Amino acid sequence: MNVQSILSDIKKKKLAPVYLLHGEEPYFIDLISDAIEQTVLDDSQKGFDQSVVYGKDADFSNIISMAKRYPMMSNHQVIIVKEAQNLKWKDDEFLLKYLEQPTPSTVLVFAHKYSKFDKRKKSYKSMEKAGIVLESNKLYEDKVAGWINEQLNASGRKVHPQAAALMAEYLGTDLSKIANEIEKLQLNIPAEKEITAVDVEQNIGISKDFNVFELNTALSKRNALKAFQIVDYFAANPKSNPMPVVIGSLGTYFTKILKYHYLPDKSSAVAAKQLGVHPFFVREYEYAARNFNRRKTFEIIHLIKEFDLKSKGMNVGHLTESGDLLTELIYKILN
(Lines give C-alpha, C1' and ligand atoms only; values in the text may rest on other atoms or scores of the structure.)
Protein backbone atom coordinates (compact mmCIF):
# COMPACT_ATOMS: atom_id res chain seq x y z
CA MET A 1 0.00 0.00 0.00
CA ASN A 2 1.15 3.55 -0.62
CA VAL A 3 1.10 6.40 1.87
CA GLN A 4 -2.13 7.99 0.67
CA SER A 5 -4.10 4.73 0.71
CA ILE A 6 -2.87 3.96 4.24
CA LEU A 7 -3.86 7.45 5.42
CA SER A 8 -7.25 7.09 3.73
CA ASP A 9 -7.90 3.79 5.52
CA ILE A 10 -6.84 5.27 8.87
CA LYS A 11 -9.31 8.11 8.37
CA LYS A 12 -12.05 5.55 7.67
CA LYS A 13 -10.97 3.54 10.76
CA LYS A 14 -9.99 0.60 8.55
CA LEU A 15 -7.06 -0.38 10.75
CA ALA A 16 -4.47 -3.14 10.60
CA PRO A 17 -3.37 -4.89 13.82
CA VAL A 18 0.32 -4.23 13.04
CA TYR A 19 2.17 -1.50 11.13
CA LEU A 20 5.87 -1.62 10.32
CA LEU A 21 6.93 1.79 8.99
CA HIS A 22 10.59 1.71 8.03
CA GLY A 23 13.07 3.40 5.73
CA GLU A 24 15.44 6.31 5.24
CA GLU A 25 12.78 9.03 4.84
CA PRO A 26 11.31 9.89 8.26
CA TYR A 27 8.60 12.21 6.89
CA PHE A 28 6.22 9.48 5.69
CA ILE A 29 6.82 7.40 8.82
CA ASP A 30 5.90 10.38 11.03
CA LEU A 31 2.93 11.22 8.81
CA ILE A 32 1.33 7.80 9.26
CA SER A 33 2.24 7.23 12.92
CA ASP A 34 0.98 10.75 13.76
CA ALA A 35 -2.27 10.07 11.89
CA ILE A 36 -2.83 6.92 13.97
CA GLU A 37 -1.88 8.70 17.19
CA GLN A 38 -4.17 11.67 16.53
CA THR A 39 -7.24 10.15 14.86
CA VAL A 40 -7.93 6.58 16.01
CA LEU A 41 -8.93 7.56 19.54
CA ASP A 42 -10.48 10.76 20.85
CA ASP A 43 -8.90 12.70 23.71
CA SER A 44 -11.09 11.10 26.37
CA GLN A 45 -10.02 7.59 25.26
CA LYS A 46 -6.29 8.17 24.84
CA GLY A 47 -5.54 8.21 28.56
CA PHE A 48 -6.86 4.66 28.89
CA ASP A 49 -6.19 3.02 25.53
CA GLN A 50 -3.18 4.70 23.93
CA SER A 51 0.47 4.13 24.79
CA VAL A 52 3.58 5.70 23.26
CA VAL A 53 6.92 4.08 24.03
CA TYR A 54 10.44 4.59 22.69
CA GLY A 55 12.69 1.89 21.32
CA LYS A 56 15.65 2.65 23.55
CA ASP A 57 13.48 2.32 26.69
CA ALA A 58 11.41 -0.71 25.65
CA ASP A 59 11.77 -4.43 25.06
CA PHE A 60 9.55 -6.89 23.21
CA SER A 61 8.26 -8.66 26.30
CA ASN A 62 6.77 -5.38 27.61
CA ILE A 63 5.48 -4.30 24.18
CA ILE A 64 3.77 -7.62 23.53
CA SER A 65 2.37 -7.72 27.07
CA MET A 66 0.70 -4.36 26.38
CA ALA A 67 -0.45 -5.48 22.92
CA LYS A 68 -2.31 -8.48 24.40
CA ARG A 69 -4.47 -6.25 26.59
CA TYR A 70 -7.97 -5.31 25.51
CA PRO A 71 -9.19 -1.71 25.26
CA MET A 72 -11.05 -0.22 28.24
CA MET A 73 -12.90 2.79 26.80
CA SER A 74 -13.01 2.24 23.03
CA ASN A 75 -12.97 -0.33 20.27
CA HIS A 76 -9.20 -0.14 19.84
CA GLN A 77 -6.03 0.02 21.87
CA VAL A 78 -3.18 1.92 20.17
CA ILE A 79 0.49 1.25 20.91
CA ILE A 80 3.08 3.32 19.06
CA VAL A 81 6.74 2.38 19.32
CA LYS A 82 8.69 5.48 18.27
CA GLU A 83 12.37 5.30 17.32
CA ALA A 84 11.82 1.56 16.88
CA GLN A 85 15.20 1.26 15.18
CA ASN A 86 16.66 1.41 18.70
CA LEU A 87 14.96 -1.82 19.77
CA LYS A 88 17.19 -4.87 20.03
CA TRP A 89 15.84 -6.36 16.84
CA LYS A 90 16.16 -10.07 16.49
CA ASP A 91 13.66 -12.77 15.70
CA ASP A 92 12.20 -12.35 19.17
CA GLU A 93 10.03 -15.24 20.31
CA PHE A 94 7.51 -12.93 22.03
CA LEU A 95 7.05 -10.91 18.83
CA LEU A 96 6.93 -13.87 16.45
CA LYS A 97 4.36 -15.71 18.54
CA TYR A 98 2.22 -12.58 18.84
CA LEU A 99 2.33 -11.98 15.08
CA GLU A 100 0.90 -15.46 14.46
CA GLN A 101 -2.35 -14.25 16.01
CA PRO A 102 -2.29 -10.53 16.88
CA THR A 103 -4.98 -9.10 19.13
CA PRO A 104 -7.61 -7.77 16.69
CA SER A 105 -8.52 -4.77 18.84
CA THR A 106 -4.87 -3.63 19.16
CA VAL A 107 -3.14 -1.33 16.67
CA LEU A 108 0.60 -1.86 17.14
CA VAL A 109 2.86 0.58 15.26
CA PHE A 110 6.63 0.26 14.84
CA ALA A 111 8.13 3.56 13.60
CA HIS A 112 11.56 2.38 12.43
CA LYS A 113 13.29 5.51 11.09
CA TYR A 114 16.43 6.43 9.11
CA SER A 115 17.20 2.91 7.90
CA LYS A 116 15.56 -0.04 6.21
CA PHE A 117 14.39 -2.99 8.24
CA ASP A 118 16.30 -6.21 7.59
CA LYS A 119 13.96 -8.07 5.23
CA ARG A 120 15.74 -11.35 5.90
CA LYS A 121 14.35 -11.54 9.42
CA LYS A 122 11.39 -13.80 10.17
CA SER A 123 9.77 -10.90 12.00
CA TYR A 124 9.68 -8.88 8.76
CA LYS A 125 7.84 -11.61 6.87
CA SER A 126 5.53 -12.14 9.85
CA MET A 127 4.63 -8.45 9.98
CA GLU A 128 3.97 -8.44 6.23
CA LYS A 129 1.55 -11.31 6.74
CA ALA A 130 -0.09 -9.93 9.89
CA GLY A 131 -0.48 -6.27 8.93
CA ILE A 132 0.93 -3.46 6.82
CA VAL A 133 4.57 -2.81 5.97
CA LEU A 134 5.60 0.49 4.38
CA GLU A 135 9.12 1.21 3.16
CA SER A 136 9.65 4.97 3.27
CA ASN A 137 12.25 5.90 0.66
CA LYS A 138 14.05 9.18 0.14
CA LEU A 139 12.89 11.20 -2.85
CA TYR A 140 15.45 11.80 -5.56
CA GLU A 141 16.22 15.48 -6.12
CA ASP A 142 14.54 15.51 -9.53
CA LYS A 143 11.29 14.20 -8.00
CA VAL A 144 10.92 16.85 -5.29
CA ALA A 145 9.28 19.51 -7.48
CA GLY A 146 6.71 16.97 -8.65
CA TRP A 147 6.02 15.97 -5.05
CA ILE A 148 5.48 19.62 -4.09
CA ASN A 149 3.05 19.97 -6.97
CA GLU A 150 1.17 16.81 -5.89
CA GLN A 151 0.88 17.99 -2.27
CA LEU A 152 -0.56 21.35 -3.27
CA ASN A 153 -2.89 19.86 -5.89
CA ALA A 154 -4.20 17.40 -3.31
CA SER A 155 -5.20 20.43 -1.21
CA GLY A 156 -6.98 21.98 -4.19
CA ARG A 157 -4.21 24.51 -4.80
CA LYS A 158 -2.53 25.44 -8.08
CA VAL A 159 1.21 26.07 -8.25
CA HIS A 160 3.26 27.36 -11.16
CA PRO A 161 6.00 24.87 -12.18
CA GLN A 162 8.65 27.55 -11.72
CA ALA A 163 7.49 28.05 -8.12
CA ALA A 164 7.67 24.31 -7.38
CA ALA A 165 11.12 24.09 -8.99
CA LEU A 166 12.37 27.08 -6.99
CA MET A 167 11.20 25.48 -3.73
CA ALA A 168 12.86 22.18 -4.66
CA GLU A 169 16.10 23.95 -5.58
CA TYR A 170 16.33 25.79 -2.27
CA LEU A 171 14.77 23.39 0.21
CA GLY A 172 16.46 20.23 -1.04
CA THR A 173 15.03 16.83 -0.12
CA ASP A 174 14.06 17.52 3.50
CA LEU A 175 10.35 16.70 3.15
CA SER A 176 9.46 17.80 6.68
CA LYS A 177 10.90 21.24 5.99
CA ILE A 178 9.18 21.38 2.60
CA ALA A 179 5.83 20.38 4.14
CA ASN A 180 6.15 23.23 6.67
CA GLU A 181 6.82 25.72 3.88
CA ILE A 182 3.88 24.37 1.85
CA GLU A 183 1.65 24.93 4.89
CA LYS A 184 3.01 28.48 5.20
CA LEU A 185 2.18 29.18 1.54
CA GLN A 186 -1.34 27.82 1.94
CA LEU A 187 -1.93 30.07 4.93
CA ASN A 188 -0.56 33.21 3.28
CA ILE A 189 -1.73 32.87 -0.33
CA PRO A 190 -5.46 33.15 -1.17
CA ALA A 191 -6.95 29.75 -2.04
CA GLU A 192 -8.14 30.82 -5.48
CA LYS A 193 -4.73 32.21 -6.52
CA GLU A 194 -2.04 30.18 -8.29
CA ILE A 195 1.14 30.06 -6.22
CA THR A 196 3.93 31.72 -8.22
CA ALA A 197 7.70 32.02 -7.89
CA VAL A 198 7.18 35.54 -6.50
CA ASP A 199 4.95 34.10 -3.75
CA VAL A 200 7.67 31.58 -2.91
CA GLU A 201 10.32 34.29 -2.78
CA GLN A 202 8.21 36.53 -0.55
CA ASN A 203 7.04 33.84 1.86
CA ILE A 204 10.05 31.53 2.07
CA GLY A 205 12.69 34.26 2.08
CA ILE A 206 14.32 33.57 -1.27
CA SER A 207 15.68 36.53 -3.20
CA LYS A 208 14.68 36.24 -6.87
CA ASP A 209 17.83 37.92 -8.14
CA PHE A 210 20.26 36.05 -5.94
CA ASN A 211 19.63 32.31 -5.83
CA VAL A 212 21.04 29.20 -7.44
CA PHE A 213 17.95 28.87 -9.60
CA GLU A 214 18.62 32.28 -11.17
CA LEU A 215 22.35 31.55 -11.47
CA ASN A 216 21.61 28.50 -13.62
CA THR A 217 19.27 30.55 -15.81
CA ALA A 218 21.85 33.34 -16.19
CA LEU A 219 24.49 30.80 -17.25
CA SER A 220 22.12 29.15 -19.72
CA LYS A 221 21.79 32.54 -21.44
CA ARG A 222 25.52 33.30 -21.06
CA ASN A 223 24.49 36.44 -19.20
CA ALA A 224 27.87 37.15 -17.60
CA LEU A 225 26.81 40.38 -15.87
CA LYS A 226 23.90 38.72 -14.08
CA ALA A 227 25.92 35.59 -13.24
CA PHE A 228 28.72 37.57 -11.57
CA GLN A 229 26.21 39.76 -9.69
CA ILE A 230 24.75 36.61 -8.20
CA VAL A 231 28.19 35.17 -7.41
CA ASP A 232 29.18 38.41 -5.64
CA TYR A 233 26.04 38.12 -3.54
CA PHE A 234 26.85 34.49 -2.72
CA ALA A 235 30.37 35.50 -1.66
CA ALA A 236 28.93 38.13 0.69
CA ASN A 237 26.36 35.69 2.14
CA PRO A 238 28.15 32.31 2.36
CA LYS A 239 25.90 30.94 5.10
CA SER A 240 22.78 31.51 3.03
CA ASN A 241 24.41 30.16 -0.12
CA PRO A 242 26.93 27.50 0.93
CA MET A 243 29.44 26.36 -1.68
CA PRO A 244 28.36 22.66 -1.59
CA VAL A 245 24.76 23.65 -2.44
CA VAL A 246 25.84 25.90 -5.31
CA ILE A 247 28.28 23.32 -6.70
CA GLY A 248 25.68 20.57 -6.39
CA SER A 249 23.09 22.62 -8.24
CA LEU A 250 25.51 23.49 -11.05
CA GLY A 251 26.50 19.84 -11.40
CA THR A 252 22.88 18.70 -11.66
CA TYR A 253 22.03 21.46 -14.12
CA PHE A 254 24.89 20.83 -16.55
CA THR A 255 24.42 17.07 -16.33
CA LYS A 256 20.87 17.62 -17.58
CA ILE A 257 22.14 19.86 -20.37
CA LEU A 258 24.50 17.07 -21.44
CA LYS A 259 21.65 14.56 -21.28
CA TYR A 260 19.53 16.87 -23.44
CA HIS A 261 22.29 16.89 -26.09
CA TYR A 262 22.02 13.11 -26.42
CA LEU A 263 18.23 12.82 -26.49
CA PRO A 264 17.14 11.29 -29.82
CA ASP A 265 13.69 12.82 -29.33
CA LYS A 266 13.85 16.41 -28.07
CA SER A 267 10.12 17.08 -28.14
CA SER A 268 8.88 18.91 -25.04
CA ALA A 269 6.99 15.99 -23.48
CA VAL A 270 9.73 13.41 -24.06
CA ALA A 271 12.56 15.73 -22.99
CA ALA A 272 10.69 16.72 -19.82
CA LYS A 273 10.23 13.08 -18.86
CA GLN A 274 13.85 12.14 -19.61
CA LEU A 275 15.28 15.14 -17.74
CA GLY A 276 12.87 14.86 -14.82
CA VAL A 277 11.63 18.44 -15.20
CA HIS A 278 8.32 20.14 -15.97
CA PRO A 279 7.74 20.77 -19.71
CA PHE A 280 7.81 24.49 -18.86
CA PHE A 281 11.60 24.26 -18.39
CA VAL A 282 12.48 22.32 -21.53
CA ARG A 283 12.91 25.48 -23.56
CA GLU A 284 15.59 26.70 -21.12
CA TYR A 285 17.57 23.45 -21.56
CA GLU A 286 17.17 23.76 -25.34
CA TYR A 287 18.57 27.30 -25.14
CA ALA A 288 21.42 26.23 -22.86
CA ALA A 289 22.34 23.37 -25.21
CA ARG A 290 22.71 25.88 -28.04
CA ASN A 291 25.01 28.03 -25.89
CA PHE A 292 27.07 25.10 -24.60
CA ASN A 293 27.86 22.40 -27.15
CA ARG A 294 28.58 18.81 -26.13
CA ARG A 295 32.31 19.30 -25.83
CA LYS A 296 31.97 22.45 -23.74
CA THR A 297 29.36 20.80 -21.51
CA PHE A 298 31.73 17.89 -20.84
CA GLU A 299 34.46 20.42 -19.97
CA ILE A 300 32.12 22.26 -17.60
CA ILE A 301 31.13 19.09 -15.76
CA HIS A 302 34.84 18.28 -15.35
CA LEU A 303 35.42 21.83 -14.04
CA ILE A 304 32.59 21.51 -11.53
CA LYS A 305 34.10 18.28 -10.18
CA GLU A 306 37.51 19.94 -9.99
CA PHE A 307 36.17 22.94 -8.07
CA ASP A 308 34.10 20.71 -5.81
CA LEU A 309 37.37 19.09 -4.69
CA LYS A 310 39.00 22.51 -4.29
CA SER A 311 36.11 23.69 -2.13
CA LYS A 312 36.87 20.71 0.12
CA GLY A 313 40.53 21.71 0.48
CA MET A 314 42.14 19.59 -2.25
CA ASN A 315 44.53 21.17 -4.78
CA VAL A 316 43.36 24.62 -3.75
CA GLY A 317 46.39 26.57 -5.00
CA HIS A 318 46.30 30.31 -4.42
CA LEU A 319 42.51 30.50 -3.94
CA THR A 320 41.20 29.76 -0.46
CA GLU A 321 37.92 31.69 -0.17
CA SER A 322 34.75 30.02 -1.49
CA GLY A 323 33.73 33.28 -3.19
CA ASP A 324 37.01 33.40 -5.14
CA LEU A 325 36.67 29.76 -6.12
CA LEU A 326 33.13 30.28 -7.36
CA THR A 327 34.08 33.41 -9.29
CA GLU A 328 36.85 31.53 -11.09
CA LEU A 329 34.54 28.59 -11.80
CA ILE A 330 31.86 30.82 -13.35
CA TYR A 331 34.50 32.63 -15.40
CA LYS A 332 35.75 29.33 -16.80
CA ILE A 333 32.20 28.13 -17.51
CA LEU A 334 31.50 31.26 -19.53
CA ASN A 335 34.81 31.29 -21.41
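Biologist: What is a nonpolar core, and which residues of the largest one touch the most other members?
Modeller: A nonpolar core is a set of buried Ala, Val, Leu, Ile, Met, Phe, Trp, Tyr and Cys residues joined through side-chain atoms within 4.5 Å. This is a predicted model, and its largest nonpolar core has 84 residues. Those that touch the most other members are Tyr19, Ile148, Leu215, Leu250, Phe254 and Ile330.

Biologist: Which helix gives the largest share of this core?
Modeller: The core draws nine residues from one helix, spanning residues 243-261. That largest share belongs to helix α13.

Biologist: Which residues does leucine 250 touch, leaving out those up to four places away in sequence?
Modeller: Leucine 250 is among the core members that touch the most others. With residues up to four places away not counted, its contacts are Leu215, Asn216, Leu219, Ile304, Leu326, Leu329 and Ile330.

Biologist: Where do the buried residues of α5 lie around the helix axis?
Modeller: Helix α5 covers residues 93-100, and Leu95, Leu96, Tyr98 and Leu99 are buried there. Glu93, Lys97 and Glu100, on the other side, are exposed. Seen down the axis, the buried residues fall within an arc of 165°, so they line one face of the helix.

Biologist: What do the buried residues of α5 pack against?
Modeller: Their partners include two strands, β1 (18-23) and β4 (106-113). The helices they pack against are α4 (60-67) and α6 (122-130).

Biologist: Why does phenylalanine 48 count as partly exposed?
Modeller: Phenylalanine 48 lies in helix α3 and forms a nonpolar surface patch with Met72 and Met73. Partly exposed runs between 20% and 50% relative accessible area. Phenylalanine 48 falls in that class because its relative accessibility is 48%.

How values were computed. Residues are numbered from 1 along each chain as its sequence is written. This is a predicted model: local features need pLDDT of at least 70, side-chain atom pairs count only at pLDDT 80 or more; totals for chains, interfaces and linings use all residues. Side-chain values use heavy atoms; hydrogens and water are left out. Buried means under 20% relative accessible area, exposed over 50%, partly exposed in between (1.4 Å probe, protein chains only). Helices (H or I, at least four residues) and strands (E, at least two) are DSSP runs, numbered from the N terminus. Contact means heavy atoms within 4.5 Å. Patches are made of residues with over 30% relative accessible area and no salt bridge: like charges are joined within 9 Å, nonpolar side chains (Val, Leu, Ile, Met, Phe, Trp, Tyr) within 5 Å. Accessible areas come from the Shrake-Rupley method with a 1.4 Å probe; for residues, only the protein chains shown count as cover. A salt bridge is a side-chain nitrogen of Lys or Arg within 4 Å of a carboxyl oxygen of Asp or Glu. The arc is that of the directions from the helix axis to the C-beta atoms.
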